[in-house]
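Please report on a few local features of this protein chain. Cover helices, a pocket and a contact between distant parts of the sequence.

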Amino acid sequence: MDFAQAGPELSTDDWLSVIRQARAMGAAQFGISGGEPLLRDDIEILVAEARNLGFYTNLITSGVGLTEARLAALKEAGLDHIQLSFQDATREANDLITNTRTFDLKRKVADLTKAAGYPTVINCVLHRGNIDHLDRIIEMAAEIGAEFLELANTQYHGWAFLNRATLMPTAAQLAEAERVTERWREKLGKAMRILFVTPDYQSKKPKKCMNGWGEVFLAVTPDGLALPCHTARMLPGLEFPDVREHSIEWIWRDSPLFNRYRGTAWLPETCQTCDDKDKDHGGCRCQAFMLTGNPDATDPVCPKSPDHHLVTTALAAAEQPDNARPLVFRDPKESRRLARPF
């Protein structure tokens, strides 16, 4: 989403109401992510309430704002799990992709969370600029003492789609990354679990959108809109309900948004006749929109999609020699774009 265009943020009481309503409906996990959630000063209050209600609580953070004192307060509140994001294994590469100076902070936060008794969980998004550094990234995670490492290849929505030509690795780079990952799995055994998420474009089979649109996941944006996935706000022609105006129960069960792509009845003809429709539900709605301009289309990742050539063309372009395209940055405060060599 474009955070520069977002409305006023929910108050603490608004969030507490959302948490209570969700728990009353049977929700089991309360995840806090961003942007950077620790920019809010009431996260400890929200965690304490969620924990008191019986939620499993999870914080995904860049590390910015996670001081020793704040970590102690979150632990006291009952926070169950922390996931820390890195962008690369060196200060220069990490800070380039984030357009910030945060690498040293991340290393410090990793030490703090381990000292506080949390398992060290790291995620790193892979792309053309860092995938060749994977050996060192995994080595860094092992040095930190990470128990879990998620290597999530870039999915081309939003900002990543804008930079797709710069971010997409070649097939050879991806294959080598999988080999490197497997070598480290054999080397580390049970000491660190490594998850490698294959990029959709190279997977040849679409994935069920958020494990089923409106089936297991509800996100609430900082300004109060309820979404069936993190990026759904980009989709045109949809009305996104505000949790200050509607109950969570109505949003989940009855809102046009959550019912729009729920199940398989809405699927286009290409998918209706496919034996896999109950497995993939036509794929990702945001990906279909980004590639075709139509969120109702079959995800072009699927070889059966009439728009599959859009994916094969992008993959072929990735095989061309790097022509040093600039990486386009975004400034959520000023809603402007910056470019620099990548």
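The text below takes two helices, one pocket and one residue in turn.

This is a predicted model.

**Helix α9**

Helix α9 runs over residues 171-188. How far apart should its ends be? At 1.5 Å a residue, its 18 residues should span 26 Å. The end C-alpha atoms are 26 Å apart, which agrees.

The buried residues of α9 are Q173, L174, A177, V180, T181, W184 and L188. Seen down the axis of α9, they fall within an arc of 120°, so they line one face of the helix. The background is simple. An α-helix has 3.6 residues a turn, so residues three or four places apart point the same way.

Which elements does this buried side meet? The buried residues of α9 pack against α6 (134-144), β5 (148-153), β6 (193-197) and α10 (200-203). On the face turned away from the buried side sit the exposed residues A172 and E186. After α9 comes G189, with a positive phi near 60°.

**Helix α16**

Helix α16 spans residues 309-318, and its buried residues are V311, A314 and A318. They cover an arc of only 65° around the axis, which puts them on the same side of α16. Their cover includes α8 (164-167), α10 and α15 (285-292). α10 thus turns up in both settings: it packs against the buried residues of α9, and it helps cover those of α16.

The table sets out the two helices.

| Helix | Residues | Buried residues | Arc of buried residues |
|---|---|---|---|
| α9 | 171-188 | Q173, L174, A177, V180, T181, W184, L188 | within 120° |
| α16 | 309-318 | V311, A314, A318 | 65° |

**The second largest pocket**

How much space lies in the second largest pocket? The figure is about 240 Å³. It is lined by 17 residues, and the closest to its centre are P206, C274, D276, D280 and C302. Two elements, α13 (269-272) and α14 (277-280), give two or more residues to the lining. By type, the lining divides into 9 charged, 5 nonpolar and 3 polar residues.

**D14**

D14 lies in helix α1, residues 12-24. Is D14 buried or exposed? Neither: D14 is partly exposed, because its relative accessible area of 24% falls between the cut-offs of 20% and 50%. D14 and G224 are 210 residues apart along the chain, yet their C-alpha atoms are separated by 8.5 Å.

Conventions:
Residues numbered from 1 in each chain as written. Predicted model: local features only at pLDDT ≥ 70, side-chain atom pairs only at ≥ 80, totals over all residues. Heavy atoms only, no water. Helix = DSSP H or I, 4+ residues; strand = E, 2+ residues; numbered from the N terminus. Expected span 1.5 Å × (residues − 1). Buried < 20%, exposed > 50% of the residue type's maximum accessible area, 1.4 Å probe, protein only. Arc of directions from axis to C-beta. Contact = heavy atoms within 4.5 Å. 1 Å grid on protein atoms, 1.4 Å probe; cavity = no way out; pocket = protein on both sides within 12 Å on 5 of 7 lines; lining within 4 Å. Points joined across faces, edges and corners; volume = space filled by probe spheres on them. Nonpolar A, V, L, I, M, F, W, Y, C, P; charged D, E, K, R; others polar.
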